Amino acid sequence: MATAVKADAMVTQPYLIRDVSKETYDTFTLKLEPDKGSNHTQFQPGQFSMLWVFGVGELPISISGDPDEEERLVYTVRSVGQATNALVTRSVGEAIGVRGPFGTGWPLEAARGHDVIVVAGGIGLAPLRPVIYEVLNHRKDYGRLVILYGARSPRDLLYRKELASWARQKETQVLTSVDYGGMSWRGHVGVVTSLFKYARLKPSRSVAMVCGPEIMMRFVTRELETYGLSRSDIFLSMERNMKCAVGFCGHCQYGPHFICKEGPVFRFEQLRPLLEKYEL
Amino acid sequence: METLERIIAEHPFLADLDPGFTSLMVGCAKNVRFNRGDYLFREGDPADQFYLIREGKVAVEIFAPQRTPIIVSTLGEGEILGWSWLLPPYQWKLNARALEYLRAIALDGKCLRNKCEQNHDLGYEVLKRFARIIEQRLEATRMQLLDVYAVR
């Protein structure tokens with residue numbers, strides 16, 4: 001599953017911003033197309049790129065677009081600091097630098113013929129959106145698609161129109177939940193694990209892909225195991241402070257693993273001992 | 001036509017309950033329906049029953065002065081609503097509002113308390129099942145307090 005580091009992994013390619021759309025009050029989706037001379041738009045769902053805002057800094061962002069759309073790269077970014085704010089406030093037509101894609105992808109080959117359970121929290125839906133596109137684009141290759149998505153409040157939910165559209169697809173169940181709902185919210189209220197009892201799961205023939213804050217993933221993996229999923233069929237996407245993205249600098253070291261190179265997608269059984277260690 | 005006894009016996013909350021206990025509980029049960037927006041109960045009302053939800057969804061809300069009520073959880077088909085009938089002062093501490101058309105079985109709290117006092121085996125079985133629900137809801141509340149989506 002690991003992608004070999006390309007010879008030009010440290011070379012930034014220029015890309016032009018073609019669209020910036022607002023997903024929530026603090027989260028934006030950017031569509032990039034390669035400028036002349038660069039053509040790296042192929043990726044595996046789950047991989048990330050290093051995006052360089054010239055004069056500000058470089059940051060790791062998961063690719064959130066459709067893997068079948070080869071002419072552009074799509075990223076969903078939450079504005080939480082100077083670099084991310086600089087990224088989401090770029091104008092259409094401006095250039096940024098892109099390195100990558102890097103890291104391991106979700107186990108879509110292994111998931112063929114199986115039901116796919118996607119569990120996401122907050123902006124964790126962004127790295128999983130390519131999985132959803134892949135399954136829906138190649139519907140006959142997979143079993144049922146179950147999407148469980150939790151966020152703090154209705155205004156924090158990403159891709160709301162797409163969630164509604166996915167829910168209308170055959171063999172697809174979409175359940176969303178928020179921690180706190182207003183009077184107008186008619187969906188579920190409760191943490192994402194509270195959705196499992198409404199999901200139509202067949203644990204023995206399912207592969208689960210989970211992305212969100214680590215504390216959320218810890219509770220979700222516990223719930224998946226309670227429902228009968230094997231640890232070897234649960235995959236997590238981890239995030240640490242990726243810098244070089246090719247396993248040189250060690251910034252993203254997590255126990256014996258370099259998240260940027262051996263991850264970000266790991267099998268749960270690989271990570272379980274580390275997830276239980278305090279302050280790691 | 002489904003009998004009340006069969007509906008109660010098939011509800012997940014009472015799965016595998018001794019049929020003799022189910023028969024005892026039926027005497028305290030009735031079918032109820034609510035339209036979207038109806039309140040099943042409000043904070044401060046006497047907590048004289050609880051509900052086995054059969055269909056639909058209900059919001060559990062906390063009243064907050066100078067703002068709209070806050071929905072802290074939603075409950076749906078196969079779930080149970082309300083345990084304030086179990087303990088004094090038998091008053092609801094939250095509001096419950098139907099988010100959509102709702103069908104449920106309402107069980108009379110006083111009736112069931114009396115039966116549990118007379119039959120401690122039934123009482124222990126009911127308490128065990130409520131304890132499991134209370135534990136699950138407590139854990140869910142802790143996770144909400146942790147704000148698990150805060151950082152990614």
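# Exercises on a predicted two-chain model

In chain B, residues 24 or more positions apart account for 73% of the contacts with a separation of 6 or more. The model is predicted. Work through the exercises below with the structure open.

## Exercise 1: Chain B as a whole

Task: Describe the secondary structure of chain B, then find why its radius of gyration agrees with a compact globule.

Solution.
- Step 1. Take the elements. Chain B has four helices and eight strands.
- Step 2. Put them in sequence order. The pattern reads α-α-β-β-β-β-β-β-β-β-α-α.
- Step 3. Set the expectation. For 152 residues, a compact globule would have a radius of gyration near 15 Å. Chain B has 16 Å, so the two agree.
- Step 4. Add the extents. The C-alpha trace of chain B spans about 50 × 30 × 30 Å along its principal axes.
- Step 5. Add burial. Of the 152 residues of chain B, 29% count as buried.

## Exercise 2: Strand β4 of chain B

Task: Is strand β4 (residues 58-62) of chain B largely enclosed or left open, and why? Then identify its pairings with β5(B) and β7(B).

Solution.
- Step 1. Apply the cut-off: a buried residue has 20 or more other C-beta atoms within 10 Å of its own.
- Step 2. Count. Four of the five residues of β4(B) are buried, so the strand is largely enclosed by the rest of the structure.
- Step 3. Take β5 (residues 70-75) of chain B. Five bridges join this strand to β4(B), and the two run antiparallel. B:E61 has B:I71 in β5(B) as its bridge partner.
- Step 4. Take β7 (residues 95-98) of chain B. Four bridges link this strand to β4(B), again in the antiparallel sense. Here B:V58 stands opposite B:A98.

## Exercise 3: A sheet in chain A

Task: Which strands stand at the edges of the six-strand sheet of chain A, and why is one side of each left without a neighbour?

Solution.
- Step 1. Write the order. The open sheet of chain A runs β4-β3-β6-β1-β2-β5, with antiparallel pairing.
- Step 2. Read the ends. β4 (57-62) and β5 (73-78) of chain A each have a single partner strand, so one side of each has no neighbour in the sheet.
- Step 3. Add the twist. Neighbouring strands of this sheet are turned by 40° against each other on average, direction ignored.
- Step 4. Check one pair. β2 (residues 27-34) of chain A meets β5(A) over six antiparallel bridges. A:T29 has A:T76 as its bridge partner in β5(A).

## Exercise 4: Domains and the chain interface

Task: How many residues does each domain of chain A give to the contact between them, and which element of chain A gives the most to the side that touches chain B?

Solution.
- Step 1. Set the bounds. Domain 1 of chain A covers 13-102 and domain 2 covers 108-237, by the domain assignment.
- Step 2. Place them. Their centres, taken over C-alpha atoms, are separated by 24 Å.
- Step 3. Count the contact. It takes 15 residues from domain 1 of chain A and 15 residues from domain 2 of chain A. The domain 1 side has four nonpolar, seven polar and four charged residues.
- Step 4. Turn to the chains. Here 26 residues of chain A are in contact with 19 residues of chain B.
- Step 5. Rank the elements. β8 (145-151), β10 (188-189) and α5 (214-226) of chain A each supply at least two residues. α5(A) gives the most, with three residues.
- Step 6. Sort by class. The side of chain A that touches chain B has twelve nonpolar, ten polar and four charged residues.

Definitions and conventions:
Residues are numbered from 1 along each chain as its sequence is written. Chains are lettered from A and ligands numbered from 1 in the order in which they are written. This is a predicted model: local features need pLDDT of at least 70, side-chain atom pairs count only at pLDDT 80 or more; totals for chains, interfaces and linings use all residues. The radius of gyration is taken over C-alpha atoms; the globule rule is 2.2 Å times the number of residues to the power 0.38. A residue is buried if 20 or more other C-beta atoms lie within 10 Å of its own, exposed if 12 or fewer, and partly exposed in between; C-beta atoms are placed from the backbone. Two residues are in contact if their C-beta atoms, placed from the backbone, lie within 7 Å. Ala, Val, Leu, Ile, Met, Phe, Trp, Tyr, Cys and Pro count as nonpolar, Asp, Glu, Lys and Arg as charged, and the others, Gly among them, as polar. Two strands pair if DSSP finds at least two bridges between them. Axes are lines fitted to C-alpha atoms, for helices over the stretch in contact, and angles run from 0 to 180 degrees between N-to-C directions. Domain bounds come from an automatic or database domain assignment.
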